[in-house]
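Student: I would like to learn how to read a model like this one. Could you take me through it feature by feature?

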Amino acid sequence: MAFIVIEKGPSQEIGRFFTLGKSPLLIGRIASGKESCIVINDNYISRRHAIIETFETHYKINDLGSSNGTVVDGITVKQGESTVLSDNSVIGLAIVSGVPRVNLRFKMTDTTLRADGASVSQGFISKGWLRIDQAKKEVWVDGKEAFLSKKEYRFLILLYRKAGGVCSRDEIVSEVWPEAKNGEGVSESTIDQLIHRVRSKIELNPNKPRRIVNKMTFGYVLVIEK
């Protein structure tokens, strides 16, 4: 069964799952009494932003004349034209300064979000030393609950989504400080302090980090041991 998961947006929304059936699914800032809805409380999202509908054996998305637009895998969804969704497509909503404020992940299965062996069922991640309940915003490290701030949590989720791959500082700013236009006001030291705080909560030895690894000038990699 296909579903949608919110990967980026208001912190209280991240990790929410929505199952897709035959009925249209409206995406917007205001709930509708007549249609199934994904309600996202962000002022850049239109009241009726977009809609996902079935199309033969596929799903398609239409932009409903939103103020700030919709993209699928980086391609603009034009009003009045449908875009077919593929497994693992990323739906970007409310494009501000070229960056979506909200990202939705479309999946054709209800079992896993990643192909690397990490189980993600109903927003629950479990692999190696790390466990995350995205619905409850709870994180466990080595079997013990780790208490992260909203920005620390966003940073960890971003690293996990790219586990094994490099996450640049620009990506960190976009994900953790979405309110900062073009990264204004977010200094290098602010990012360093964030990384230091998260390392202090998840590393066995924060002075010799092995879980959040710095890849020279490229960015950071989250290492998930098996």
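Tutor: Happily! One definition to begin with: the strands and helices we will name are DSSP runs, numbered from the N terminus, a strand having at least two residues and a helix at least four. With that in hand, Asp142 can be placed in the loop between strand E15 (138-141) and strand E16 (144-146). Keep in mind as we go that this is a predicted model.

Student: What is the sign of phi at Asp142, and what is its value?

Tutor: The general idea is that most residues other than glycine have a negative phi. Asp142 is not a glycine, yet its phi is positive, about 55°. Its relative accessible area is 41%, so Asp142 counts as partly exposed.

Student: Which residue takes a positive phi in the hairpin of E10 and E11?

Tutor: That is Ser97, with a phi near 55°, in a hairpin that has 2 residues between the strands. Ser97 lies in the loop from strand E10 (90-96) to strand E11 (99-107). Ser97 is partly exposed, because its relative accessible area is 47%.

Student: Now the sheet. In what order do the 6 strands come?

Tutor: Strands of a sheet pair through backbone hydrogen bonds, either parallel or antiparallel. Here the order is E2-E1-E11-E10-E7-E8, an open sheet with antiparallel pairing. At its edges stand E2 and strand E8 (75-76); each has a single partner strand, so one side of each has no neighbour in the sheet.

Student: How many bridges join the strands from E7 onward, and which residues are partners?

Tutor: Strand E7 (residues 70-72) is joined to E8 by 2 bridges and to E10 by 3 bridges. Val72 is a handy residue to follow: its bridge partner in E8 is Ile75, while its partner in E10 is Ile91. Moving on, E10 and E11 pair over 6 bridges, again antiparallel. In that pair, Val90 has Arg105 of E11 as its bridge partner.

Student: Is E10 largely enclosed or largely open?

Tutor: Largely enclosed by the rest of the structure, because 5 of its 7 residues are buried.

Student: Let us look at a single residue. Is Ile14 buried or exposed?

Tutor: Buried means under 20% relative accessible area. Ile14 has 2%, so it is buried. Its place is in the loop between strand E1 (3-8) and strand E2 (17-19). Leaving aside residues up to four places away in sequence, Ile14 touches Ile6, Glu7, Lys8, Gly9, Gln134, Lys137 and Arg154. You can also compare sequence with space: Val102 is 88 residues from Ile14 along the chain, and their C-alpha atoms are separated by 9.4 Å.

Student: What do the buried residues of helix H2 pack against?

Tutor: An α-helix has 3.6 residues a turn, so residues three or four places apart point the same way. In helix H2 (residues 169-176), the buried residues are Ile172, Val173, Glu175 and Val176. They pack against E1, helix H1 (150-161), helix H3 (188-202) and strand E18 (219-222).

Student: Which elements have the lowest and the highest mean pLDDT?

Tutor: Where pLDDT is low, the predicted coordinates should not be read in detail. The chain averages 84, and 88% of the residues score at least 70. Strand E12 (residues 119-121) has the lowest mean among the elements, 44, and H3 the highest, 96. Over residues 110-122 the pLDDT is below 50, although this stretch has 28 contacts in the model beyond near neighbours in sequence.

Notes. Residues numbered from 1 in each chain as written. Predicted model: local features only at pLDDT ≥ 70, side-chain atom pairs only at ≥ 80, totals over all residues. Heavy atoms only, no water. Buried < 20%, exposed > 50% of the residue type's maximum accessible area, 1.4 Å probe, protein only. Contact = heavy atoms within 4.5 Å. Pairing = 2+ DSSP bridges. pLDDT = per-residue confidence, 0-100.
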